[in-house]
Structure formats: C-alpha cells, structure tokens
Amino acid sequence: MSQPLLKLEHVNKTFHSSKGSVQALHNIQLQVKEGEFITVIGPSGCGKSTLLKIIAGLDVAHTGEVQLGGQVIHGPGIDKGFIFQEPRLFPWLNVERNIAADLSLRDPEVRKKVDELIKLVRLEGFQKSFPKELSGGMAQRVAIARALLRNPKVLLLDEPFGALDAFTRTHMQEVLIDIWQKNKTTMIFVTHDIDEAIYLANRVVILKPRPGAIRNIVPIDLPIPRKKTTTSFQELRLKVLSEFEKIEELELIDSSGI
C-alpha cells in the first residue's frame, strides 16, 4: 500500500489574544493520496482557511504534525503552491512575466514551461496583456499558472472563485478540472459552495465549527465530465446537506446548554 502524499496527525490550532484563547482546529487527522482532488467545506468560522495555511507552512504555531512527501512541514516552500481568494498579480507585469515571477523568460526551460502553462490555463493570445486588461477569471488563471510553474507537490486553493459571477465560476471549475486531469497535481480546495465542492472533488471534507473538526468525509464517485443535474449528483448534494443540518442541530444544543 502506497504512502499518502500528505498526512495530518492530531493537528490543533489555538489563537491567543489579550481577550483570551480560541481553539480554531481540534484533532485534525487527514491523509491525501498523490493526485487526489480534495475539497474542504463547512460553516463560516470552522477553520477552513486556517487549515490550508497550516498545510502551506504559512502558520506553524500549531500542535500535531503535518507531513508532505514524508517530510514534516516547517514553513512555506516551492513544493506547495497557494492560490488566494484574489489573484494578487503584479500590475506592472504582463501575463507571461507574472507567471514567470522571479525567473527569467530568457531561460529556455522557463520560457518552455511558461508557454506550456499559458496553453494549459487557456490564455493563448493574452501573453502580453496586463492584469488591468484581464477579467477576474483570466486573472485567476494567471495565478494558477504561476503557482504551477515550479511543479508543486500540492496546490492549495482558498476560495479562488468566490468573487466571480456564476457563469465565470462555472467556467473556471471546468478549467480547473481540465488542469487537474492533465497535470495530475494534488489539489486541496476550500469553498463555501456545496455544488462546487462535489463537482470538483474525489472527496469532500466537511468541517464543523467551534472548534473546527472533521465532521465527515464524503467520497465522490462520479465520472468526469460531471453534470450537476443528474440524480447521482443530487443524491450526494443531499448527503452533504444532511451533514450541515446535523451540525446546525449540534450548535443549537450547545447554545441552549442541553
């Protein structure tokens, strides 16, 4: 049996301030195989983004252990790509130079890789365009290409389509699945959208809040391309929704002191 690419063991995170301490994550245990597409969903305040930052090595003030490729994560590195909610492009650089970032396009290997990524994210013809000339979806595709440039072991995406309109969001979901299938990159995608979580994933990780903990993991065994109108998709949607209803019931019990 092959070892998981990513392993989280008994991960806990507590935020401390002058007003007291708040536990954000409790006993997170998760294993992710190479090439998997995992989506993480849960109510606001359940620690989804915090979990992603811990995996990225952007937050190391936690207990428990996180391993990537058998190595304990002690900080950020090129083996982990991170996509934020907004593209965060350099406005003074065009598309191809944004993707290359601190690497020189004069390097034949960099030029070849950038050209391949532009094709992969469907931005042919926009190499010389600047961020102000791009739509929101196009800008996020540039950010994804930049994150893939150094061939990370895992790509972490923190609600990257949340600010897009419904049509563009649907298109970007299709683009991302295409990238995942062609590039075989392991992806962990945080979202608030249940349909999006099911549409993209091999498995949906459902977190409950206060403190954030894994409520359930739902396997998604649907063929690609997927259709959100099929009976099998709607059955999975009801299954995930039922988990949210159970979370709400538990919160009501906790708040009432029963």
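Here is a short tour of this predicted model, stop by stop, for you to follow in the viewer.

**Stop 1: strand β3**

Start by selecting residues 37-41, which make up strand β3. Five of the five residues are buried, so β3 is largely enclosed by the rest of the structure. Show the side chains and look along the strand: F37, T39 and I41 point one way, while I38 and V40 point the other, and every one of these is buried. That pattern fits a general rule: side chains in a regular strand alternate between the two faces of the sheet.

**Stop 2: the partners of β3**

Keep β3 on screen and add residues 186-190, strand β8. The two pair in the parallel sense over four bridges. For a landmark, find I38, which stands opposite I188 in β8.

Now add β9, residues 203-208. It also runs parallel to β3, joined to it by four bridges. Here the pair to pick out is I41 and, opposite it, I206 in β9.

**Stop 3: the nonpolar cores**

Next, click on L176. Which residues does L176 touch, leaving aside those up to four places away in sequence? They are F37, I144, L157, F161, M187, F189 and L200. F37 is the β3 residue from the opening stop, one of those pointing the same way as T39 and I41.

L176 belongs to the largest nonpolar core, which has 53 residues; together with I198 and V204, L176 touches the most other members. Colour α4 as well: with eight residues, this helix supplies the largest share of the core. Apart from this core lies another one, of 26 residues, including L6, L8, I73 and V205.

**Stop 4: the open sheet**

L8 is a handy bridge to the next stop. Select strand β1, residues 6-17, and then β2; nine bridges join them, and they run antiparallel. L8 stands opposite L30 in β2.

Zoom out and you can trace an open sheet of four strands, in the order β2-β1-β4-β5, with antiparallel pairing. At the edges are β2 (20-32) and β5 (71-72); each has a single partner strand, so one side of each is left without a neighbour in the sheet.

**Stop 5: the largest pocket**

Finish by selecting K80, G81, F82, R146 and A147. Of the 19 residues lining the largest pocket, these lie nearest its centre. The elements that give two or more residues to the lining are β6 (80-83) and α4 (136-148). The pocket's volume is about 430 Å³. Colour the lining by residue type and you should find 11 nonpolar, three polar and five charged residues.

Terms used:
Residues are numbered from 1 along each chain as its sequence is written. This is a predicted model: local features need pLDDT of at least 70, side-chain atom pairs count only at pLDDT 80 or more; totals for chains, interfaces and linings use all residues. Side-chain values use heavy atoms; hydrogens and water are left out. Buried means under 20% relative accessible area, exposed over 50%, partly exposed in between (1.4 Å probe, protein chains only). Two strands pair if DSSP finds at least two bridges between them. On a 1 Å grid over the protein atoms alone, a cavity is a set of points where a 1.4 Å probe fits but cannot get out, and a pocket is an open set with protein on both sides within 12 Å along at least five of seven lines; lining residues have an atom within 4 Å of a point. Grid points are joined across faces, edges and corners, and a volume is the space filled by probe spheres set on the points. Ala, Val, Leu, Ile, Met, Phe, Trp, Tyr, Cys and Pro count as nonpolar, Asp, Glu, Lys and Arg as charged, and the others, Gly among them, as polar. A nonpolar core is a set of buried Ala, Val, Leu, Ile, Met, Phe, Trp, Tyr and Cys residues joined through side-chain atoms within 4.5 Å. Contact means heavy atoms within 4.5 Å.
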